[in-house]
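User: I would like to go through the reasoning behind some labels used for this structure. Please set each value against its criterion before you conclude.

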Amino acid sequence: MKLPKTIDIFGKTYSIESMNSDTLHGQCCHDELKIYLDDSLSGNDRIQTLCHECLHAILYRIGAAAEIEDGLEEVIVDSIATWFVETFHVKFRGNLARSQRSRSGGDE
Ligand SMILES: [Zn+2]
């Protein structure tokens, strides 16, 4: 699965960018309208992290992010991203396989 370069979220277009991070799998910057994905992610970890960051953007765009505590927001977006990838059997079919990283690392 080739990931898109941009994604529309409730009227705003976020660009999807690469980053190098030892601590984050991804990051959603609402002011910049950018979603960053760690270069070391591959396969389904990359898809799940994109879903995770898109869910942060959705909660921000609908005004819900300001109403919930950060830790709860992380639980919500990570749970829904996991459910989405597992339920719809989203699979990565590219050949970009690199080292697998633990999902226990930090997403923001
Ligand atoms: Zn997060």
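The exchange below concerns a predicted model and takes up its elements, one helix and one residue in turn.

User: What makes up the secondary structure of the chain, and in which order do the elements run?

Analyst: The chain has two helices and four strands, and from the N terminus on these elements follow the order β-β-β-β-α-α.

User: How do you know that the span of helix H1 agrees with its number of residues?

Analyst: Helix H1 covers residues 43–61, which is 19 residues, so that at 1.5 Å a residue it should span 27 Å; because its end C-alpha atoms are 27 Å apart, the two values agree. After H1 comes Gly-63, which has a positive phi, near 85°.

User: Which residues of H1 are called buried, and what covers them?

Analyst: The buried residues of H1 include Ile-47, Leu-50, His-52, Cys-54 and Leu-55, and a residue earns that label when 20 or more other C-beta atoms lie within 10 Å of its own. What covers the buried residues of H1 includes the strands E1 (6–9), E2 (12–19), E3 (26–29) and E4 (34–38), together with helix H2 (70–87). Over the chain, buried residues make up 22% of the 108 residues.

User: Why is Ile-80 called partly exposed?

Analyst: Ile-80, which lies in helix H2, has 16 other C-beta atoms within 10 Å. Exposed would require 12 or fewer and buried 20 or more, and because 16 falls in between, Ile-80 is partly exposed. The C-alpha atoms of Ile-80 and Cys-51 are separated by 8.4 Å, although these residues are 29 apart along the chain.

Technical notes: Residues are numbered from 1 along each chain as its sequence is written. This is a predicted model: local features need pLDDT of at least 70, side-chain atom pairs count only at pLDDT 80 or more; totals for chains, interfaces and linings use all residues. The expected span of a helix is 1.5 Å times one less than its number of residues. Two residues are in contact if their C-beta atoms, placed from the backbone, lie within 7 Å.
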